[in-house]
Each structure stands twice: as structure tokens, then as C-alpha cells.
Amino acid sequence: MEIITKYFPGITEKQKEQYAALYNLYYEWNNKINVISRKDIENLYLHHVLHSLAIAKVITFRPGTTIMDMGCGGGFPGIPLAIMFPEVEFHLVDSIGKKVRVATEIANAIGLKNVRASHSRAQDIKEKYSFVVSRAVMQLPELIKICRKNISKEQLNVLPNGVICLKGGDMQAETQPFRNVVEITPLENIFEEEFFIDKKVVYVPI
């Protein structure tokens, strides 16, 4: 938990309590429905919560922003971001119902009023959002092809509406179709832990 306050020292007591509650909740739910590798649950804050919050180092979402977490799994990056931005609306979407259940139960348990979750394919979601976020769901061109229809024309933030992904490895081939507009932020420039070497936030305006 200390690693969250290390990089986000300005969070409120309520936010601290919500982040602190995540470990026991994910540990308990992971024993019932495997959403995080059993070996990895001990690294929840570094590998999952802080990794999700890398997006908050690239953009501060303004109140009223709407976000779809595409392929949310057990709630990453959506739940950590929803704690960080309580005045932003998050719609968590995943095609696997049991993962959506975990995300819903955890959001409810920590009192997140700005999160809803849907058991659905992103292809079937018709709503519009300021941004679509995801964590290593699929190749960037395929992801953008699916969610382009969901990006709103109404602009609220410093960055134009678009897609923000957490990615790893060599992004050259994936970003080639968007080379004139894509912005890649290496996480090793933000976080000093070795885990973040070769990990990135990739932003594509739509």
C-alpha cells in the first residue's frame, strides 16, 4: 500500500482506505474466481494497482469525463482509476461474466459510486465515452477498430478524446498505423521499480 502513497502523496484518507481495502478483497475473491495469478496476488499493489494508476500520471481526468474499461478482467485499470477520480464515470466491460462479478463486488464493497460493470463484448456496446482504457487486451489496431465507434466528440480534457492502453514490449509494429498521432510514455520514466522497465502508456487520439 505504501507504494501508492509514494507516487500519489496527495490522495485523501477515504482514497487511502479504499486502496488499502483492495488486498483482502482481491485475496478473498481470487480464492473463489481466479482473476489474478495465485503467485501474483502478493504483488497486487505494484503489478496491478500502481500499474493501473500509470494512466493517472499521463492525464488527470476532469470531472464529468466518461471512461470505458475494455476487457476489465477483475477491474484493472478501471477500479484503481475510479478511486483516484471519484467525479469521473467508469463503465467496466468484459466478455467473461465471472470476472465482471468480481469487479462489481469489489467496487460495491469499497463504496465506489462512479463504477458500473457489464458482462458484454465491447463490440456490442453502443454508448459514447471520452476515453477507452485497457490493459494488454489485444493488439492496438484491433482494439481501436472495435472501440472507435464509442469515442465521444464532446471534449472535456487537456488531451483529446481517444484510447489509452497499458502495454509492454516493442510497440513499433502495433503503433505503425498511428505513427503520426500516437504518444508513448515509458513507465520507467515515472516509476523507479524494476517491474516497470519496458512497460508503457500508449495514447491514441480518435
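## Worked exercises on a predicted chain

Isoleucine 106 touches Leu22, Leu25, Tyr26, Trp29 and Ile79, leaving aside residues up to four places away in sequence; contact here means heavy atoms within 4.5 Å. This is a predicted model, in which local features need pLDDT of at least 70, side-chain atom pairs count only at pLDDT 80 or more, and totals for chains, interfaces and linings use all residues. Residues are numbered from 1 along each chain as its sequence is written, and side-chain values use heavy atoms, with hydrogens and water left out.

**Exercise 1. Place isoleucine 106 in the fold: which element holds it, and is it buried or exposed?**

Step 1. Start with the element: isoleucine 106 sits in helix 5, residues 97-109. Helices (H or I, at least four residues) and strands (E, at least two) are DSSP runs, numbered from the N terminus.

Step 2. Now check the surface: the relative accessible area of isoleucine 106 is 0%, so the residue is buried. Buried means under 20% relative accessible area, exposed over 50%, and partly exposed in between, with a 1.4 Å probe and protein chains only.

Step 3. Finally, try a pair: glycine 75 is 31 residues from isoleucine 106 in sequence, and their C-alpha atoms are 8.4 Å apart in space.

**Exercise 2. Do the same for glycine 162: which residues does it touch, not counting those up to four places away in sequence?**

Step 1. Find glycine 162 in strand 5, which covers residues 162-168.

Step 2. Its relative accessible area is 0%, so glycine 162 is buried.

Step 3. Beyond four places in sequence, glycine 162 touches Ser130, Phe131, Val132, Ile151, Val204, Pro205 and Ile206.

Step 4. For a pair that is not listed there, take glutamine 139: 23 residues separate it from glycine 162 along the chain, and the two C-alpha atoms are 16 Å apart.

**Exercise 3. How many disulfides does a search of the whole structure find?**

Step 1. Recall that a disulfide is a covalent bond between the sulfur atoms of two cysteines. The cut-off used is a pair of cysteine sulfur atoms within 2.5 Å.

Step 2. The search of the whole structure gives 0 disulfides.

Step 3. Look at cysteine 72: its closest cysteine sulfur belongs to cysteine 165, 14 Å away, and this is too far for a bond. Cysteine 147 is in no disulfide either, as its nearest cysteine sulfur, again that of cysteine 165, is 7.4 Å away.

Step 4. Add the surroundings: cysteine 72 is buried at 2% relative accessibility, and cysteine 147 is buried at 0%.

**Exercise 4. Where do proline 77 and aspartate 198 lie, and what is special in their backbone geometry?**

Step 1. Keep the background in mind: most residues other than glycine have a negative phi, and most peptide bonds are trans.

Step 2. The peptide bond from phenylalanine 76 to proline 77 is cis, with omega near 10 degrees. Proline 77 belongs to the loop between strand 1 (66-70) and helix 4 (78-84).

Step 3. Aspartate 198 is not a glycine, yet has a positive phi of about 75 degrees. Its loop joins strand 6 (183-186) and strand 7 (199-205), and at a relative accessible area of 41% aspartate 198 is partly exposed.

**Exercise 5. How many helices and strands does the chain have?**

Step 1. The count comes to 7 helices and 7 strands.

Step 2. From the N terminus, their order is α-α-α-β-α-β-α-β-β-α-β-α-β-β.

Step 3. To round off, buried residues make up 51% of the 206 residues.
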